[in-house]
Structures are given as C-alpha cells and as structure tokens.
Amino acid sequence: MKKFLALIGSVVLAAVMALSMVACSGGALVKIIEIDLSKEQYGVAIQKGNTELAAEINEVLAQLKGDGIEVDGETVTFDSLYQAEMDALANSEQISIGDVATASSNREEELVVATNAEFAPFEYQVGDSFGGIDMQVAKILAEGMGKTLVIRHMAFESVLQSVQSGESDIAIAGLTINAERAQQVDFSDPYYDTTQRIAVAADNTLFDECKTEEDVVAVLKSLEGVSAGAAKTQTGYYYLVGEVSFEFEGYSNIETRPYPTVAAAVQDLANGTIALVCADAVPLQAAVDAVNR
C-alpha cells in the first residue's frame, strides 16, 4: 500500500482499498501512456555464418509478410497471425500451436527454437504447449523445412547464448535487432516493427499533458526519487538505464529495477512498489490488461 495512504483518514483509506480490489491482482489499476518512445524491429536470431538457414528463414518470412503461406488449407499471413492473437488476447484466450517437443532427440531432423515464453502475445505457455505470434511462425518455419519443431523455453537473457553455442538452431523471442546482439548472432530480415512505451498507476497525472515523445522524455527527466521497472535485458530495460547499441541515453535520475518478465514488473507497479514500467508496446498492453482484470 502506498505510503501516503497512512496519512489520510480511515474512511478515505477504506474507499481506496475497496477501489484497489477492482483488480484481481489485489493491486491498483494501471494505464499506458499511449506515446511511442522509440523504433525497433524484431528478427529471428541465427548462428553466425549459417547462411543456408538464414536464407530459408528469410524466404518463409517474405511469404508471410507478402501473399501468405498455405497452412491446413488456409492462406496464412503475418498480419492474420497477429490479428488472431490480438483478438484472443482481447477475449482473455490463448491459441495453442498443439503438441510440440521440448527436448531434442535427432538434431538432423529438427528445428530447435530457443524462446522465453513469457512475452504475450508473441510467446507464452499453454499447458504443456506454447502459443503466440512467434511460436506460430516457428511452427510454420519447421513445417516449411520438413523438420520437427522443438521449443526450448528459457530465461530471456539465455536465448542468444543458446543459438551462439549451437544448442538451439534459432531464437524467436521478440528479439530486437541491434548492433551488439548482431556481434553474437546473425539476424533474419525484420518481421515486426515495435516501440517502447511506459505504464503508470491509473491515478498518475504527471503525463496527462504529454502529446509527443519529447513531452514524455521531459517528464521522465524531471522525476526525482522514483523507481521504475523493466524486464531484465529487454529493450525497455535498456531504454531506462541507457545503452549505446540501442542509442538510448537512459535516465540516471531514475532507479531502474530488473524483473524476470514484463508481467512481474507491471504487478509491482500495481502494488505501488515502483512508479512506472517500460516495455515493448504490445506485451506491455497484455500485461496491463491482465493486471487490471
């Protein structure tokens, strides 16, 4: 419970506590500041020098971004996959990719994919299986290559290392392409444009007059004694702390706390532990919607 609640009368305190119960998480409601703060692109990570695999992946991605690929008698495009996931998200539903192996048994006949399945709507777990836009793409890639799909769920900070070491063939995990990562792995052609946004408590009025990215940045730079949260090693974290390879200046006036997932950071925001969260726009929206239900 926020510190200032201890200073107000018991009647008001009770009212605020009742309002907080609206969210199933037991925390307060949160909102997103609907202003883009950056421009990035997602790509599939591939072991360096594997030009044959890169070419196969780029061919499939080009088809998905273009006229589409026939899957089970229907033409599927990236836009149709995206829309299906967004519709499911709006209805609190999940779309499973079906039975899938999670351990390798014959690498010659497999496409082993590293991911962090805690980044809805791009990747998430559905019981013993997986769902999300990226996982749908992974399934299409494997089928197009005539290979068995194997998905390895791991911490986000491990997915590139898994590809670099050869333990996984590729990584699909909402991976933003940047120069530093490109030193570790090769990337496919971009398949999705994204941006960073911030979320704050629903009653936070500091950003109400903001109309542009510059307005939001000015407010962020003016904050004092504030803690923020972001998923560790994800782009939102680097946006807050600063990172040359992303061309992010960062905010030295803000204490940024690393979290294992965007959802965990948003939960702490709802609990009043931190003042804001920065993350990729669509996964941030998914986390905010979940905590506000």
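A salt bridge, as I'll use it today, is a side-chain nitrogen of Lys or Arg within 4 Å of a carboxyl oxygen of Asp or Glu. Take E255 and R257, whose side chains meet in one, at 3.6 Å from N to O. E255 is partly exposed at 43% relative accessibility, and R257 is also partly exposed, at 28%.

Okay, some housekeeping. What you see is a predicted model, where local features need pLDDT of at least 70, side-chain atom pairs count only at pLDDT 80 or more, and totals for chains, interfaces and linings use all residues. Residues are numbered from 1 along each chain as its sequence is written, and side-chain values use heavy atoms, with hydrogens and water left out.

I'll keep saying buried and exposed: buried is under 20% relative accessible area, exposed is over 50%, and partly exposed is in between, with a 1.4 Å probe and protein chains only. I'll also name helices and strands; those are DSSP runs, helices being H or I with at least four residues and strands being E with at least two, numbered from the N terminus.

Back to the salt bridges. How many does a search of the whole structure find? Nine. Let me show you R197. It pairs with E34, and the closest N and O atoms are 2.6 Å apart. That pair links distant parts of the chain: R197 sits in strand β14, residues 196-201, while E34 is in the loop between β1 (30-33) and β2 (40-42), 163 residues apart.

R197 has a further partner, D36, with the closest N and O atoms 2.8 Å apart. Again distant parts of the chain are linked, since D36 is in the loop between β1 and β2 and R197 is in strand β14, 161 residues apart. Now, is R197 buried or exposed? R197 counts as buried because its relative accessible area is 18%. Its partner E34 counts as exposed at 51%, and D36 as partly exposed at 38%. Let me go back to E255 and R257 for a second: they form their own salt bridge. Separately, bridges that share partners join E34, D36 and R197 into one network.

Next, the surface. E70, D72, E74 and E143 form a negative patch. For patches, we take residues with over 30% relative accessible area and no salt bridge, and join like charges within 9 Å, or nonpolar side chains (Val, Leu, Ile, Met, Phe, Trp, Tyr) within 5 Å. Within the patch, E70 lies in strand β4, residues 69-71, and E70 is exposed at 63%. D72 is in the loop between β4 and β5 (74-76), and is exposed too, at 77%.

D72 brings me to the backbone. Most residues other than glycine have a negative phi, and most peptide bonds are trans. D72 has a positive phi, near 50°. E247 has a positive phi as well, near 65°; E247 lies in the loop between α7 (235-241) and β16 (254-259), exposed at 74%. And where is there a cis peptide bond? Between A120 and P121, with omega about 5°. P121 is in the loop between β7 (118-119) and β8 (123-126).

Last, the record. An unreviewed UniProt entry places "domain: Solute-binding protein family 3/N-terminal" at residues 110-293. Over residues 110-293, the chain is 32% helix and 28% strand, with the end C-alpha atoms 39 Å apart.

Technical notes: Accessible areas come from the Shrake-Rupley method with a 1.4 Å probe; for residues, only the protein chains shown count as cover. Lys and Arg count as positive and Asp and Glu as negative; His and the chain ends are not counted. The place of a charge is taken as NZ of Lys, CZ of Arg, CG of Asp or CD of Glu. UniProt positions are given in the numbering used here, feature names are shortened, and annotations may be inferred rather than shown by experiment.
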